[in-house]
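Work through the two exercises below with the sequence and the model open. Each solution goes step by step.

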Amino acid sequence: MTPDEIRQEILDILEDIAPDEDLSQLEDEVPFREQLELDSMDFLDIVMELRKRHRIQIPEEDYGELASMASTVRYLEPRMKDVQRAG
Amino acid sequence: MNAIREQLPDDQRIVLTGIGLTAPNANSLAEFREALLEGRSGVTDYEIRYVGKTLAGICDFDERKYQSRKDRRRGTRAGSVGIYCANEAIRDAGLDWESIDKSTVGIYLGITEHGNVETENEVYELKGYDYDTSFWSHHHNPRTVANNPAGEVALNLGVIGPHYTIGAACAAGNAGLIQGSQMLRLGECDLALAGGVSEAIHTFGIFASFKSQGALATHEDPTKASRPFDVDRNGIVVAEGGCVYVMERLSDARRRGAKIYGELVGYAMNTDATDFVLPNPERQAECMEQALARAGLAAEEIDIVSTHATGTTSGDIQECAAVRRVFGDSKKTWINNTKSYIGHAMGAAGALELAGNLPAFQDGICHPTINLDRLDPECQLRGLVANEPREIGPVRYILNNSFGMLGINSAVIIGAL
């Protein structure tokens, strides 16, 4: 996946996890928690969805890398470069 | 006899001041009453994993009316049912919710079971991952803890008083009401949200288990499948649903000029201790008698008995034997059954069936048990109201039966005010 595709994939996951939120104004450099109502269970949902959809295993010590869209894409880029985006 | 309630101070008398419900044929008390008087069933065709085509009582209340999509996603169907019913009950009670001290509110919801739905779903999902438990959801525990439905209501309403569920098989709806009244009398809360909820139709296990037991109803016309007391009955129709009451001390209700549906004037719970599944009519009769004694009422003072009967061959006969023992000589007591319309709403059954009868205090009508084409001679009951509503005149007392597996029995008596 390209960084753009990874970003879109994360947006798809966020749409499921935070269905009441407007994601169209999401700022990539600003932490998710400052823009969306996400708690620790929601972040675990992001981790679980990446595991279920792409078999990406994110160790607990790396959870901090998922703070914002930009940091998430940066973190996932080398790990998802060989993953094909579905559909 | 002198009703005990006349000797109690108003702060020891417990009244029902709000009702919120969802049933397979209604999403409010007014709709429910109308369906019961018109003989409208809520049972439809249904299909569930592994079991395949069957029948069920399915609710169609608007989950989004009081709950965000995110909370619905994180929670359970039982939680959602509870949230809808509790909010509707508060609205119906005319409470100014914002001004209420939420530490004085208690939530007591009866459940038949909880957690089966989520566990079945997770195991099913896990199969797709070759049973690798790293794919098991972190939501499993908060969804399956036994207090979940009551806890979700507390989260939704910001209630910080006590909340818990009462696990009481199919006697749970009554048990919720009984718990609510006890806590109000003890001063543990000033307002109780009490009743019962069920998400049972979303677990294949309940259907499969009744089927294996030979107790799952079948009929080519779903609306005719739930037929207590009929000689052609062949089992239970599983239903979901919920009914939550706002309960208050009479003194508080009068102070705020609340509308009062009725007063909980007596109750009893006891145990068969004889079988896992088969009911014991002797204990059931003793339960009703104890409720009458505690209310200070004679059997003939009860105007309506709302039976628990589920449409199983032996269960219906046993309850009829118990009702005959207590009410056999009572010429002015009428008897009905509400599962004939909606199926068996499990943890919600007792609370829902009582609610369906409460408007009789105003309209003097006893709704019938429907689908009674040929009465089983062993279910012969004096005063059984069948197929057509009956005008019975002024109604002062209603006794509501609710029984469950492991021999748990309950009877609640509500009086008009």
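**Exercise 1.** Classify the lining of the largest cavity by residue class.

Step 1. The model is predicted: local features need pLDDT of at least 70, side-chain atom pairs count only at pLDDT 80 or more, and totals for chains, interfaces and linings use all residues. Residues are numbered from 1 along each chain as its sequence is written, and chains are lettered from A in the order in which they are written.

Step 2. On a 1 Å grid over the protein atoms alone, a cavity is a set of points where a 1.4 Å probe fits but cannot get out; lining residues have an atom within 4 Å of a point. The count comes to 1 cavity of 30 Å³ or more. The volume of the largest cavity, taken as the space filled by probe spheres set on the points, is about 60 Å³.

Step 3. Lining residues include B:Ala78, B:Ile111, B:Glu113, B:His114, B:Glu199 and B:Met346.

Step 4. The classes are 5 nonpolar, 4 polar and 2 charged residues, with Gly counted as polar.

**Exercise 2.** Describe the surroundings of strand 9 of chain B.

Step 1. Strand 9 (a DSSP run of E, at least two residues) spans residues 304-307. B:Ile304 and B:Ser306 on one side, and B:Val305 and B:Thr307 on the other, are all buried (under 20% relative accessible area, 1.4 Å probe, protein chains only).

Step 2. Strands pair if DSSP finds at least two bridges between them. Strand 9 of chain B pairs with strand 10 (residues 334-337) of chain B in the parallel sense over 4 bridges, and B:Thr307 has B:Asn337 as its bridge partner.

Step 3. Strand 9 of chain B also pairs in the parallel sense with strand 13 (residues 397-404) of chain B, over 3 bridges; here B:Ser306 is partnered by B:Asn400.

Conventions. Side-chain values use heavy atoms; hydrogens and water are left out. On a 1 Å grid over the protein atoms alone, a cavity is a set of points where a 1.4 Å probe fits but cannot get out, and a pocket is an open set with protein on both sides within 12 Å along at least five of seven lines; lining residues have an atom within 4 Å of a point. Buried means under 20% relative accessible area, exposed over 50%, partly exposed in between (1.4 Å probe, protein chains only).
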